[in-house]
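Grab a pencil and work through these exercises with the model open beside you. Try each task before you peek at the solution.

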Amino acid sequence: MSIYDYTVKDATGADVELSEYKGKVLLIVNTATGCGFTPQYDGLQDLYEKYQDKGFEILDFPCNQFANQAPGTDDEIVDFCQSRYGVTFRQFSKIKVNGSHEEPLYTYLKAQKSGAFGGRIKWNFTKFLIDRNGNVIERYGSSVTPEKIESKIKELL
């Protein structure tokens, strides 16, 4: 299996085959609208605006597993992100990132880069950086801001 074998749902409920992202550098993030890290949306949007024309994409997966910090519907989350942070990168349907009902994509990502917590996602805004060949290059914890990842993104582009 590779990242390109997965199909996920976007915020409208449509199936999205990740194979459509072949050849692009990806940053996959589990997000929340009511989290102390939510202002990272600004940094994510800045990165997206700088590098989208060079083959960079952000895949935003809202997750309500951590302290009920993404309680809204998919539509409410998209509206919040667009109106508050000007988000234009692709947003997906709310998922679980840990446990028996976790999104299979996250099972794969965690198997590639287990992180400090035995694979489990510790909190919102955990980030996975994927190269143009679909390899999971790095996993970043919530406190690592988008700005701190920029040099690695530029290197992969």
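**Exercise 1: Arg-90 and its partners**

Arg-90 is partly exposed, with a relative accessible area of 26% (buried means under 20%, exposed over 50%, partly exposed in between, using a 1.4 Å probe and protein chains only). Before going on, note that this is a predicted model, where local features need pLDDT of at least 70, side-chain atom pairs count only at pLDDT 80 or more, and totals for chains, interfaces and linings use all residues. Residues are numbered from 1 along each chain as its sequence is written, and side-chain values use heavy atoms, with hydrogens and water left out.

*Task.* Find the residue that forms a salt bridge with Arg-90, and say which parts the pair ties together.

*Solution.*
- Step 1: recall that a salt bridge is a side-chain nitrogen of Lys or Arg within 4 Å of a carboxyl oxygen of Asp or Glu.
- Step 2: the partner is Glu-20, with the closest N and O atoms 2.8 Å apart.
- Step 3: Arg-90 sits in strand S5 (residues 90-91) and Glu-20 in the loop between strand S2 (15-17) and strand S3 (25-31), so the pair ties together parts 70 residues apart in sequence. Here, strands (E, at least two residues) and helices (H or I, at least four) are DSSP runs, numbered from the N terminus.
- Step 4: Glu-20 is partly exposed too, at 47% relative accessibility.
- Step 5: add Asp-10, and you have a network of salt bridges linking Asp-10, Glu-20 and Arg-90.

**Exercise 2: Two other salt bridges**

*Task.* The structure holds 7 salt bridges. Take Lys-110 with Glu-102, then Lys-152 with Glu-155: is each residue buried, partly exposed or exposed?

*Solution.*
- Step 1: in the Lys-110 and Glu-102 pair, the closest N and O atoms are 2.7 Å apart. Both residues are buried.
- Step 2: for Lys-152 and Glu-155, that distance is 3.1 Å. Lys-152 is partly exposed at 25%, while Glu-155 is exposed at 58%.
- Step 3: now look at the sequence. Lys-152 and Glu-155 are 3 residues apart in helix H4 (residues 146-156), which means about one helical turn separates them.

**Exercise 3: The whole protein**

*Task.* How many helices and strands are there, and in what order do they run?

*Solution.*
- Step 1: count 4 helices and 7 strands.
- Step 2: starting at the N terminus, read β-β-β-α-β-α-β-α-β-β-α.
- Step 3: finish with burial, which covers 52% of the 157 residues.
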